[in-house]
Amino acid sequence: MLSPTGLADLLDLQAEDTDIDRLLHQRETLPELEKYRAAAAGLDKVERRLAAASEDLAETTRTLDKTSGELEIAEIKLGQEENRLFAGGMSARETEHMRDEVQMLRRNIGAMEDEVLALMEQRETQEQDVTAITAERDAAASAKSELEAEISKQWGMIDADIAKHEARKADIVPSIPEDLVELYEELRQGKERTAVGRLSEDGTCGVCHLKLSRAEVAEATKADPPRCLHCRRILVP
Ligand SMILES: [Zn+2]
């Protein structure tokens, strides 16, 4: 028969383990974690929108640069052809042809100028979009960082608590026989994570709350360690 001290220590050990389980559960279920996951998903979404808007802006800028370049070349060509017309000395046919070409160039230049203006307006709108989405992104990123900081603060406190309970466990365990600790750990694998309970005066198991008859109590307490006949948990008389 084990010393009652060993069994009583087992109850203390379980109290520490129960606290640790509770703290671990608390660590995994912080309300901030749910908010953090939502914030991370939101940030991801806004970053994708920003990338798309930036790409649209870059595309417009490329088209604008290209059209502006073409416009510049057409303007130079127009100047050259006009100069040749002004200089004269061409045949009537050549002059006629040159005039047609100058008119065509002017039409093209007009169309390109319209296009450049439209592209500049589009670029301005897209720049505003990028600025607005960037602000959204920055706000989402800082909200996520705040949650990260809050979670690590709370985890830090929980971990410090866990460490205290672990230290108390380390004090308790050496006073309990090794095989009893082994049995205790084995029983704690169960869903309820409870391995030991008090046997009340009237013979009720502190874990399953079923009553043991006087004969059953006598039988249970004869065993080393005493165990509940119903749930097989260790009993501390
Ligand atoms: Zn029981």
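## Structure report: loops, zinc site and helices

Gln189 is located in the loop between H4 and E1. Helices (H or I, at least four residues) and strands (E, at least two) are DSSP runs, numbered from the N terminus. The model is predicted: local features need pLDDT of at least 70, side-chain atom pairs count only at pLDDT 80 or more, and totals for chains, interfaces and linings use all residues. Residues are numbered from 1 along each chain as its sequence is written, and side-chain values use heavy atoms, with hydrogens and water left out.

**The loop between H4 and E1**

Gln189 is exposed, at 61% relative accessibility. Buried means under 20% relative accessible area, exposed over 50%, and partly exposed in between (1.4 Å probe, protein chains only). Gln189 and Ala149 are 40 residues apart along the chain, and their C-alpha atoms are separated by 34 Å.

Arg193 belongs to the loop between helix H4 (178–187) and E1 as well. Its phi is positive, about 60°, although Arg193 is not a glycine. Arg193 is partly exposed, at 34% relative accessibility.

**The zinc site**

Which residues coordinate the zinc ion? The donors are Cys205, Cys208, Cys228 and Cys231, each through SG, at 2.3 Å. Donors here are N, O and S atoms within 2.8 Å of the metal (3.2 Å for Na, K and Ca); water is not among the atoms, so sites may look incomplete.

Why is the arrangement tetrahedral? The angles subtended by the four donor atoms run from 106 to 115°, which makes it so. The rule for tetrahedral asks that all angles of four donors lie between 85 and 135 degrees; four count as square planar and six as octahedral if opposite donors are over 155 degrees apart and all others between 65 and 115, and anything else is irregular.

Along the chain, the donor spacing reads C-x2-C-x19-C-x2-C. Cys208 sits in the loop between strand E1 (196–198) and helix H5 (214–222), and Cys231 in the loop between H5 and strand E2 (234–236), so this pair ties together parts that are 23 residues apart in sequence. Cys208 is partly exposed, with a relative accessible area of 25%. Cys231 counts as buried, at 18%.

Both loops hold a further backbone feature. His209 lies in the loop between E1 and H5. Its phi is near 60°, a positive value in a residue other than glycine. His209 is exposed, at 58% relative accessibility. Pro225 lies in the loop between H5 and E2. The peptide bond from Asp224 to Pro225 is cis, with omega near -5°.

**The two sides of H4**

The buried residues of H4 are Leu180, Val181, Leu183, Tyr184 and Leu187. Seen down the helix axis, these buried residues fall within an arc of 160°, so they line one face of H4. The arc is that of the directions from the helix axis to the C-beta atoms. Exposed on the other side of H4 are Glu178, Asp179, Glu182 and Glu186. An α-helix has 3.6 residues a turn, so residues three or four places apart point the same way.

**Polar and charged residues in H1, H2 and H3**

The table gives the place and relative accessible area of selected residues.

| Residue | Place | Relative accessible area |
|---|---|---|
| Gln14 | helix H1 (residues 4–28) | 9%, buried |
| Glu82 | helix H2 (residues 31–87) | 19%, buried |
| Asp100 | helix H3 (residues 92–172) | 42%, partly exposed |
| Lys169 | helix H3 | 17%, buried |

What does Gln14 touch, leaving aside neighbours within four places in sequence? Gln14 is in contact with Tyr184, Thr194, Ala195 and Val196. Contact means heavy atoms within 4.5 Å. Gln14 and Tyr184 are 170 residues apart along the chain, and 8.8 Å separates their C-alpha atoms.

With neighbours up to four places away again left out, Lys169 touches Leu13, Glu16, Asp17 and Ile20. On that basis, Glu82 is in contact with Val102 and Arg106.

Asp100 and Lys35 are 65 residues apart in sequence. In space they are 69 Å apart, C-alpha to C-alpha.

**Rings**

Arg27 places its charged end over the ring of Trp155, 4.2 Å from the ring centre. A charge sits over a ring if NZ of Lys or CZ of Arg is within 6 Å of the ring centre and within 35 degrees of the ring normal.

How many aromatic pairs are there? The count comes to zero. The rule pairs rings of Phe, Tyr and Trp (its six-membered ring) if their centres lie within 6.5 Å; planes under 30 degrees apart count as stacked, over 60 as edge-to-face and the rest as tilted.
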